[in-house]
Amino acid sequence: MVREYGKDVPVYPIGYVERATGLSARRVRYYENLGLVAPHRTKGNQRLYSREQIELLKLIKSLFGRGLNAQGIRAALANTTRGAVAVPDGQDDTDRVGDMNRIMSKKPLSSVYPVNDQAGLERLLVR
C-alpha cells in the first residue's frame, strides 16, 4: 500500500528530486544556496523535499532556461501567488503556472541593466 502525503509534507530525498525534476543534486543545492528553495533538514542533516517544492524546482529550472537570473526569479516568484515556497490553500498549481507563464510571455531579460532597482525589475517583469 502506497501512502499519500500532503503537498507540503517533506518526504522526498534529493535522489528522488533529481529524477522528478531532471536537475542534478548539485544544481538543487545551488538553488538552495541562492535562497530559491528551502528543504526540510532531518536530525542527520538530510534534505527532504515536499511535492510542492519539487514543483517549485521545476518552475525555477524553467525560468533559468528562459534567461532569468536568480534576482529575476526571486522577483518573478514574489509576483506570483506562490511566494518563495509556501502555497496558499484553495488554489491549484495550474493557476500558479499560468500566472508565471503570463509574466514570462514577454521577452526574457538578458541583463538587469535596463533597471536600477528591485522595484523597477518587478515592474518590467509584470509588463
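Start with the aromatic rings: in this predicted model, the count comes to three aromatic pairs.

Select Y30 and Y31 to see one of them. Their ring centres are 6.1 Å apart and the planes meet at 45°, so this pair is tilted. Now colour the two residues by accessibility. Y30 is partly exposed, at 39% relative accessible area, whereas Y31 is buried, at 3%.

Keep Y31 on screen and add F64. Here the ring centres lie 5.2 Å apart with the planes at 10°, and because that angle is under 30 degrees the pair counts as stacked. Show the backbone as well: Y31 sits in helix α2 (residues 25-33) and F64 in helix α3, so this pair ties together parts that are 33 residues apart in sequence. F64 is partly exposed, with 23% relative accessibility. Display Y30, Y31 and F64 together, and you have a cluster linked by ring pairs.

From F64, move on to its helix. Select α3 (residues 51-65) along with helix α4 (residues 70-78); the two pack at an angle of about 130°, and their axes are 10 Å apart. That angle makes α3 oblique to α4. Look at the handedness too: the crossing of α3 and α4 is right-handed.

For the last stop, show side chains where these helices touch. On the α3 side, pick L56, L59, I60, L63 and F64; on the α4 side, pick A70, I73 and L77. What classes of residue make up the contact of α3 with α4? Eight are nonpolar, with no polar and no charged residues. F64 is worth a second look here, as a member of both this contact and the ring cluster with Y30 and Y31.

Note on methods: Residues are numbered from 1 along each chain as its sequence is written. This is a predicted model: local features need pLDDT of at least 70, side-chain atom pairs count only at pLDDT 80 or more; totals for chains, interfaces and linings use all residues. Side-chain values use heavy atoms; hydrogens and water are left out. Axes are lines fitted to C-alpha atoms, for helices over the stretch in contact, and angles run from 0 to 180 degrees between N-to-C directions. Helices (H or I, at least four residues) and strands (E, at least two) are DSSP runs, numbered from the N terminus. Angles under 35 degrees count as roughly parallel, over 145 as roughly antiparallel, 65 to 115 as roughly perpendicular and the rest as oblique. A crossing is left-handed if the near helix is turned anticlockwise from the far one by less than a right angle, and right-handed if clockwise. Contact means heavy atoms within 4.5 Å. Ala, Val, Leu, Ile, Met, Phe, Trp, Tyr, Cys and Pro count as nonpolar, Asp, Glu, Lys and Arg as charged, and the others, Gly among them, as polar. Rings of Phe, Tyr and Trp (its six-membered ring) pair if their centres lie within 6.5 Å; planes under 30 degrees apart count as stacked, over 60 as edge-to-face and the rest as tilted. Buried means under 20% relative accessible area, exposed over 50%, partly exposed in between (1.4 Å probe, protein chains only).
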